[in-house]
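Reader: Please choose a single part of this model and take me closely through its surroundings, giving the cut-off behind each term as it comes up.

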Amino acid sequence: MSGRAGLTWSLRDRTPAELPVLADRLADGSDGTGKGVRVCVVDSGVEPDHPLVGPLQGSWAVVKDPVTRELTVRPDTAGDTCGHGTACAGIIRRTAPDCELYSVRVLGERFTGTGDMLIAGLRWAVGQGFDVVNLSLSTTRARFLEELHAIADDAFFARTAIVASAHNTPVESYPWRFSSVISVGSHQEDDSELHLYNPAPPVEFFAPGQNVRVPWLGGATIRTTGNSFATPYVAGLCARILSRRPRLTTFQLKSALYLTAANVQVPSTPTPEAPDDPQH
């Protein structure tokens, strides 16, 4: 990091030639499998060895000390407390079968949890340098906004792509509202491989999330609906893209998702520019 000294706010006493950046061209991920990409599911945990999820490379939980009330992240063997995290992990596995899956549990039984626990788990995941973090959760509590915004920005500049679910109802919630994350809602098209760009944000992308078959507790499957289940599809697409182009930044990932969205039409030839208006 010493080579980046003085670059926080401005470029001083150095030339562009002294700042080489090795980059990858954009890729659509169609031939990627997620191999070598580390994806972390921050959720309710993941059921170990579910047949539609497979092995986890690591599992942790946010734990509150009963005396000090301090939150820490510790290795976890309890698995999933309510099924939500297992469902998300299964969609990621189906989309990017060769990715490395990790879990951080921030929800308890019956989907209980707090904004503090979400922040603790998300901050820890970003600090671990995962390539993609799936967050099919949000909070409506404005008091968490500033801290979540700072974590999302840290992730953006550290090349950890947070793929965050929009709320299922039109209310303000976070962190999906931040431009530093990749925000996802669901569409109702009958195509499990279709994603769309939203020309009228704030949510950026739509993916399959209606009546989706997902893994659940006890090795079972269920059908369910919600933005939560569209989000891991986009997280899996990010893993596929990164397995082919590992140097892409988060804003480049957004560009790749945009250019491959089914409703985005790229002209085969450049559109000629209109002539300037004559001056009178």
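Author: F130 makes a good starting point, because this residue is buried, with a relative accessible area of 1%, where buried stands for under 20% relative accessible area, exposed for over 50% and partly exposed for what lies in between, all with a 1.4 Å probe and protein chains only. Before going further, please note that this is a predicted model, in which local features need pLDDT of at least 70 and side-chain atom pairs count only at pLDDT 80 or more, while totals for chains, interfaces and linings use all residues. Residues are numbered from 1 along each chain as its sequence is written, and side-chain values use heavy atoms, with hydrogens and water left out.

F130 sits in the loop between helix 2 and strand 5 (132-135); helices (H or I, at least four residues) and strands (E, at least two) are DSSP runs numbered from the N terminus. If residues up to four places away in sequence are set aside, F130 is in contact with R38, C40, W60, Y102, W124, A125, R159 and T160, contact being heavy atoms within 4.5 Å. The C-alpha atom of F130 is separated by 9.6 Å from that of A158, a residue 28 positions away along the chain. In the stretch just after helix 2, G129 adopts a positive phi of about 75 degrees.

This leads back to helix 2 itself, which covers residues 115-127. The expected span of a helix is 1.5 Å times one less than its number of residues, so the 13 residues of helix 2 should span 18 Å, and the end C-alpha atoms, which are 18 Å apart, agree with that value. Helix 2 is mostly covered, with 10 of its 13 residues buried; among them are W124 and A125, two residues that F130 touches. Others in the buried set of helix 2 include G115, M117, L118 and I119.

R123, also in helix 2, has a partner elsewhere: the side chains of R123 and E147 meet in a salt bridge, with N and O 2.2 Å apart. This pair links distant parts of the chain, for E147 belongs to helix 3 (residues 145-157) and lies 24 residues from R123. The term salt bridge is used for a side-chain nitrogen of Lys or Arg within 4 Å of a carboxyl oxygen of Asp or Glu. Side chains of opposite charge can pair when their charged atoms come close. R123 is partly exposed, at 40% relative accessible area, and E147 counts as partly exposed too, at 37%.

The structure holds 6 salt bridges, and another of them gives a useful contrast. K254 forms a salt bridge with E204, the closest N and O atoms being 2.8 Å apart. Here too the pair links distant parts of the chain, K254 being in helix 5 (residues 250-260) and E204 in the loop between strand 8 (196-197) and strand 9 (205-208), 50 residues apart. K254, at 13% relative accessibility, counts as buried, and E204 is buried with 16%.

Helix 2 also takes part in a pocket. On a 1 Å grid over the protein atoms alone, a pocket is an open set of points with protein on both sides within 12 Å along at least five of seven lines, a cavity is a set where a 1.4 Å probe fits but cannot get out, and lining residues have an atom within 4 Å of a point. Grid points are joined across faces, edges and corners, and a volume is the space filled by probe spheres set on the points. The second largest pocket encloses about 450 Å³. Its lining has 22 residues, of which L107, F111, S136, L137 and S138 are the closest to its centre. Helix 2 gives the most to this lining, with 3 residues, and helix 4 (227-244) likewise supplies at least two. The lining of this pocket divides into 8 nonpolar, 14 polar and no charged residues, where Ala, Val, Leu, Ile, Met, Phe, Trp, Tyr, Cys and Pro count as nonpolar, Asp, Glu, Lys and Arg as charged, and the others, Gly among them, as polar.

From helix 4 one may single out S228, a residue that counts as buried at 11% relative accessibility. Beyond residues up to four places away in sequence, S228 touches H84, C88, S136 and S165, and S136 is one of the residues closest to the centre of the second largest pocket.
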